[in-house]
Amino acid sequence: MNQQATLIIFHLSIMPLENLFGSKGKLVLSALLVCAVILELAYCQEEAQQQKINPGRKPKPSITKLGRSTNKSPRAVTAKPKIKTTPAAPAQTFLTQVLNRGKFKKVVDSISVQSGDTLELRCRGKPVQWSVPKYLEEDDEGRLSKVQQERYGVLTLVNTTGADTGEFSCYPMYCEDTDCRKEYDKAVKVFVFFPDPQELFVPSADYYEAIQLRTNWPTLLPCQVTSPQAKVTLHREFPPVEVAVDGTEISFNVKRGFTIHRPRPHHAGALFCVASLGNLRQSSTKYMLIYVNYPMAPPAPVIQASSSSVTVGENLRVSCSVVGEQDVAVEFTWDYPGQQIGRPLYTQDSISPVGGGAARQQSQSVLLVDEVRDVDQGTYTCTAQNLQGAKSVSTTVKVVPKRNKNHKN
């Protein structure tokens, strides 16, 4: 039996499998063929021998399975291609409020936490940074804690008061080695109200607050309430009257206060807010509004000398002018050659209206140099400045000797 099997192995190319005797012999040949393909002949001969001795034993599962029909050649073993996996996208950052008894609530644009209760927020990310109202950043009296867990950050504020009302933000951090920076575009924010039955406005240490009204620049009156249910109105101190809030010229946002969108001179004066909730009615800090005609852009000065060439002993005038919006102050400063020897500065400043449709004015400064000397030759620079910025312009003046009257051509 063993000699016949060996003879069959060496004459596989001649003898068809049908001449094998019995199913046991076919199974031995199949195992040997597969082993020869993967260059493990010695190991497979041992398997075949074991299969003869123990006919009931099946080949190891690591060997490629053959088809049922014995007249088919075994399939070649091919390794499956490795599929490159891309790292999963970072999870979206979101805030969760931790409630009593282990309950969690995903926060929305704003939430209310009763004054005296504990605020606990969780922000998914590793690591994260927190931003809190300025009052808490300066002095939280040990009531505020920030802890970084493995997958999220935790902010806890205990013994809360109405003064804690404001915006709380969580910033996921992008880190490379030890260098980390905030991902501002992925920040999540929530405005937290801390309703206080005794304080409708967030307390302020100032009785008066001066605010500048700038032309074409929105102005905010930050009378912040502690409860979103409070009704808030705007009032003028003198004469005592309620200011109309139409949503266009003046609007109100419960998280910010009143905004004057296009300040005008008639908005100036002492204003304050009044909040009412239930039977409680309170007034805010007073805001002293000061109107300033704020320019749209820095000045564009033009400089011109009375002459580019001046004879010794003659007088020189260098003018610097700016055409701009009416009631916008322009300040002029000069640099001139005579400064080096201490020659004093003499200027004449003036403002005059400019004709045309829009109300405009010309501001001008004229530098006067009497009885020019050689030291007055050089560069004259004028700098014009308003609330938006400054710009400088220059011109050069040459001083020539005085002609001798006895000189003959």
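## Exercises on aromatic rings

A search of the whole structure, a predicted model, turns up 3 aromatic pairs.

**Exercise 1.** Classify the ring pair of Phe191 and Phe193 as stacked, edge-to-face or tilted.

*Solution.* Start with the distance. The ring centres lie 4.9 Å apart. Pairing needs centres within 6.5 Å. Next, take the planes. They stand at 55°. Stacked needs under 30 degrees, edge-to-face over 60. The pair of Phe191 and Phe193 is therefore tilted. As for their surroundings, both Phe191 and Phe193 are buried.

**Exercise 2.** Do the same for Phe252 and Phe258, then decide how accessible each residue is.

*Solution.* The centres of the Phe252 and Phe258 rings are 4.7 Å apart, and the planes make 45°, so this pair is tilted too. Now check accessibility. Buried means under 20%, and exposed means over 50%. Phe252 has 31% relative accessibility, so Phe252 is partly exposed. Phe258 has 1%, so Phe258 is buried.

**Exercise 3.** Find the residue whose charged end sits over the ring of Phe272.

*Solution.* Look at Lys286. Its charged end sits over the Phe272 ring, 5.4 Å from the ring centre. The cut-off for the distance is within 6 Å.

**Exercise 4.** Which residues form a nonpolar patch on the surface with Tyr208, and how accessible is Tyr208?

*Solution.* First, list the partners: Tyr207, Met288 and Ile290. Together with Tyr208, they have about 410 Å² of accessible area. Next, place Tyr208 in the fold. Tyr208 belongs to strand S11, residues 208–214. Last, use its relative accessibility. The value is 38%, so Tyr208 counts as partly exposed.

Technical notes: Residues are numbered from 1 along each chain as its sequence is written. This is a predicted model: local features need pLDDT of at least 70, side-chain atom pairs count only at pLDDT 80 or more; totals for chains, interfaces and linings use all residues. Side-chain values use heavy atoms; hydrogens and water are left out. Rings of Phe, Tyr and Trp (its six-membered ring) pair if their centres lie within 6.5 Å; planes under 30 degrees apart count as stacked, over 60 as edge-to-face and the rest as tilted. Buried means under 20% relative accessible area, exposed over 50%, partly exposed in between (1.4 Å probe, protein chains only). A charge sits over a ring if NZ of Lys or CZ of Arg is within 6 Å of the ring centre and within 35 degrees of the ring normal. Patches are made of residues with over 30% relative accessible area and no salt bridge: like charges are joined within 9 Å, nonpolar side chains (Val, Leu, Ile, Met, Phe, Trp, Tyr) within 5 Å. Accessible areas come from the Shrake-Rupley method with a 1.4 Å probe; for residues, only the protein chains shown count as cover. A salt bridge is a side-chain nitrogen of Lys or Arg within 4 Å of a carboxyl oxygen of Asp or Glu. Helices (H or I, at least four residues) and strands (E, at least two) are DSSP runs, numbered from the N terminus.
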